[in-house]
Amino acid sequence: MSVLLFRVDERLIHGQVVVGWARRLRPRRIIVVDDDLAGDSLERSIYRTGLPEGLRADFWSERDAISLLPEVLDSGEPTFVLTADLPTMARLARRGMPIEEINVGGLHRAEGRRRVLPYVSLDEGDERLIAELEEEGIRVVARDVPTAAPIRLSERARG
Amino acid sequence: MTGRCGVVVAHGRLAEGMLSALTRVAGEQDNLWAISNQGRGGEELEAEITQILDERGAGRQAYLLSDMDGGSCGQACRRLLASGRVKAVFFGINLPLLVEFVFLPDESFERFVTTVVDKGRKALGAHE
């Protein structure tokens, strides 16, 4: 399995990903699945800034991701897949991505969201989705950096 | 007082720590403030930086200083640069760079940016 990490994080490519996780798991590629970013060249260049040498980033629409990710899985190239929200990652799983575990790295407080961890706030839709994903056999685990203890979100969500 | 001001944007408690260190060596500053990205989403961070600049830095040229290019702090800074709210973003900051930032007399923009960055670069090295 060449995808080392399926991560949900509003900040997408940032310090915890390129330093914390990438130093540990050594990916060569980051694929960001985000419809808005796929069409926004300024934002893409901002996210690409500061990527360490030997690590490249691609920005794909959800539609492209569904057709292109199987090739990435076959390629054997160590890869991280990032989305900014849980529903997008859940759709990738339900459209055939072999995701066993979703890493939740940061969903910040906002109106209508309940804070379950300092770096994770969930809305009702997220809480339902977590319960459904767990039933489908996909673990949803909060862990901002690899040195932190993993926290199963189904134990924190209302479901 | 110079005609510029800035916000240090960094991970964890680095920004407030940097300012605390700056205060120890250079005294209280009225044109440099600190914010952490901790617990803040990107938009929230940008909004709070803007608020600090609007409330405390009105009428002065605004700059941002981040601990690392890229990363959520650097990204927020780049977006505020793209929107025109700030004049430049310094990244990879250290204490000598901050000292230069607060003490350099007003001069041309290009010269100011070059001098500050140069100071920060020259401050980095290793004794063996």
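A pocket, in the sense used here, is an open set of grid points with protein on both sides within 12 Å along at least five of seven lines. Keep that in mind for the opening stop of this tour, which moves through a predicted model.

**The largest pocket**

Begin by displaying the largest pocket, which holds about 690 Å³ of space, and then select A:E10, A:D34, A:Y47, A:A84 and B:E43, which of its 29 lining residues lie nearest its centre. To see which elements contribute, colour α2 (35-38), α3 (41-48) and α5 (86-94) of chain A, and add α2 and α3 (71-82) of chain B, since each of these supplies at least two residues of the lining. If you colour the lining by residue class, you will find 16 charged residues beside 7 nonpolar and 6 polar ones.

**Where the chains meet**

Next, show chain A and chain B together and select the residues in contact, 14 from chain A and 13 from chain B. Between them the two chains bury about 1,200 Å², with 51% of that area on carbon and sulfur atoms. On the side of chain B, pick out B:Q75, B:R78 and B:R79, which supply 39% of the area that chain B buries against chain A, more than any other three residues.

How many salt bridges does the rule find across the interface of chain B and chain A? There are 2 across this interface. Select B:R79 again and add A:E43, because a salt bridge is counted where a side-chain nitrogen of Lys or Arg comes within 4 Å of a carboxyl oxygen of Asp or Glu, and here the closest N and O atoms are 2.7 Å apart. Then move to B:E44 and A:R109, another salt bridge, whose closest N and O atoms are 3.2 Å apart. This pair joins two chains, because B:E44 lies in helix α2 (residues 42-56) of chain B and A:R109 in the loop between β5 and β6 (114-117) of chain A. Both partners are partly exposed, B:E44 at 23% relative accessibility and A:R109 with a relative accessible area of 46%.

**Salt bridges within a chain**

Over all chains, a search of the whole structure finds 20 salt bridges. In chain A, select A:R139 and A:E101, whose side chains meet in a salt bridge at 3.0 Å, N to O. The pair links distant parts of the chain, with A:R139 in strand β8 (residues 139-142) and A:E101 in strand β5 (residues 101-106), 38 residues apart. While still in chain A, select A:R29, A:R56, A:D58 and A:E77 together, for these four are linked in a network of salt bridges.

For a pair within one helix, turn to chain B and select B:K122 and B:D118, which meet in a salt bridge at 3.2 Å, N to O. Both lie in helix α5 (residues 109-122), 4 residues apart, about one turn of the helix. B:K122 is exposed, with a relative accessible area of 68%, whereas B:D118 counts as partly exposed at 34%.

**Two backbone details**

Finish in chain A with A:L12, in the loop between β1 (3-9) and α1 (15-25), where phi is near 55°, a positive value in a residue other than glycine. A:R26, in the loop between α1 and β2 (29-33), also has a positive phi of about 55° although it is not a glycine. Which of the two is buried, and which is exposed? A:L12 is buried, with a relative accessible area of 3%, while A:R26 is exposed, with 57%.

Conventions: Residues are numbered from 1 along each chain as its sequence is written. Chains are lettered from A and ligands numbered from 1 in the order in which they are written. This is a predicted model: local features need pLDDT of at least 70, side-chain atom pairs count only at pLDDT 80 or more; totals for chains, interfaces and linings use all residues. Side-chain values use heavy atoms; hydrogens and water are left out. Buried means under 20% relative accessible area, exposed over 50%, partly exposed in between (1.4 Å probe, protein chains only). On a 1 Å grid over the protein atoms alone, a cavity is a set of points where a 1.4 Å probe fits but cannot get out, and a pocket is an open set with protein on both sides within 12 Å along at least five of seven lines; lining residues have an atom within 4 Å of a point. Grid points are joined across faces, edges and corners, and a volume is the space filled by probe spheres set on the points. Ala, Val, Leu, Ile, Met, Phe, Trp, Tyr, Cys and Pro count as nonpolar, Asp, Glu, Lys and Arg as charged, and the others, Gly among them, as polar. Contact means heavy atoms within 4.5 Å. Buried area is the accessible area (1.4 Å probe) that two parts lose on being put together, summed over both.
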